[in-house]
Amino acid sequence: LFALIPAILSAFFLCMVVPILAVRLQRTQRINELVRQLPDALDMMARGLKVGHPLSATLSSVANEMPDPIGTEFGIVVDQVAFGDELTDAFNEFADRLNQEDVHYLATAIAIQNGTGGDLARVLGVLSRVIRDRLTMRRKVQAVSAEGRLSAAILSVVPVVIFVGLNVMSPAYYGDIADEPLAKPLVFVVIALVLLNAFILRRLVSFRF
């Protein structure tokens, strides 16, 4: 049993954990980049509205002139409107795809302006400043909590590294007790404690704002 555990853990990690982590990392990077570009897109929309361009034209300007991912996402909104969707529905779907608070604020602002009117250019300008301030605060918090996040990652990985290393260098270290009645229950208890430790440490150093 103990001789197979490293192989099982390695296969699980390479075939299940690594692909999921890679996809999640790419998704997170794309969303973070879009949120970083969002204030510039809102400023471009506000300038267009101030000089008298219709909202559809300002959306097309963002889609055509700004790089991916914000340009692509606004292009999807423009295409949806062109094919008959309501502007508010297109922005709500945009917010649901990203599931970011800043994007939900934008969708709400568009919905309010579409329903009641008002100075949308001013609202977009204020929203742009708010998002920039939030990004600045987020970077400050990440800098302050960097040491804690690194410590949490190391403490989560060390037990696995020690276990695998001992099995590689001295297979008999755990192999001699593999047939003991309490061996299997203890293995599951240790795995559960290691996972619980990793979960708690991650929660301690994760900040949502």
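**Close-up 1. Length and bend of helix α7 in the predicted model**. Helix α7 covers residues 146-169. Its 24 residues, at 1.5 Å a residue, should span 34 Å, and the end C-alpha atoms lie 33 Å apart, so the two values agree. The helix has a kink of about 30 degrees at V157, and the proline P159 follows shortly after.

**Close-up 2. Buried residues of α7 and their partners**. A152, S156, F163 and N167 of α7 are buried. The helices against which the buried residues of α7 pack are α1 (5-50), α8 (172-175) and α9 (183-204).

**Close-up 3. Crossing of helices α3 and α4**. The axes of α3 (residues 70-82) and α4 (residues 87-98) come within 9 Å and cross at roughly 145 degrees. The crossing of α3 past α4 is right-handed. On the α3 side, the contact is formed by E73, F74, I76, V77, Q80 and V81; α4 supplies L87, A90, F91, E93, F94, R97 and L98. Sorted by class, this contact of α3 with α4 contains nine nonpolar, one polar and three charged residues.

**Close-up 4. Cis peptide bond at P69**. The bond from D68 to P69 is cis, and its omega is near 10 degrees. P69 sits in the loop between α2 (55-65) and α3.

**Close-up 5. Backbone of N99 in the loop between α4 and α5**. N99 is not a glycine, yet its phi is positive, at about 55 degrees. The loop that holds N99 joins α4 to α5 (101-116). N99 counts as exposed because its relative accessibility is 52%, and exposed means over 50%.

Terms used: Residues are numbered from 1 along each chain as its sequence is written. This is a predicted model: local features need pLDDT of at least 70, side-chain atom pairs count only at pLDDT 80 or more; totals for chains, interfaces and linings use all residues. Side-chain values use heavy atoms; hydrogens and water are left out. Axes are lines fitted to C-alpha atoms, for helices over the stretch in contact, and angles run from 0 to 180 degrees between N-to-C directions. Helices (H or I, at least four residues) and strands (E, at least two) are DSSP runs, numbered from the N terminus. A crossing is left-handed if the near helix is turned anticlockwise from the far one by less than a right angle, and right-handed if clockwise. Contact means heavy atoms within 4.5 Å. Ala, Val, Leu, Ile, Met, Phe, Trp, Tyr, Cys and Pro count as nonpolar, Asp, Glu, Lys and Arg as charged, and the others, Gly among them, as polar. The expected span of a helix is 1.5 Å times one less than its number of residues. The bend at a residue is the angle between axes fitted to the seven residues ending there and the seven starting there. Buried means under 20% relative accessible area, exposed over 50%, partly exposed in between (1.4 Å probe, protein chains only).
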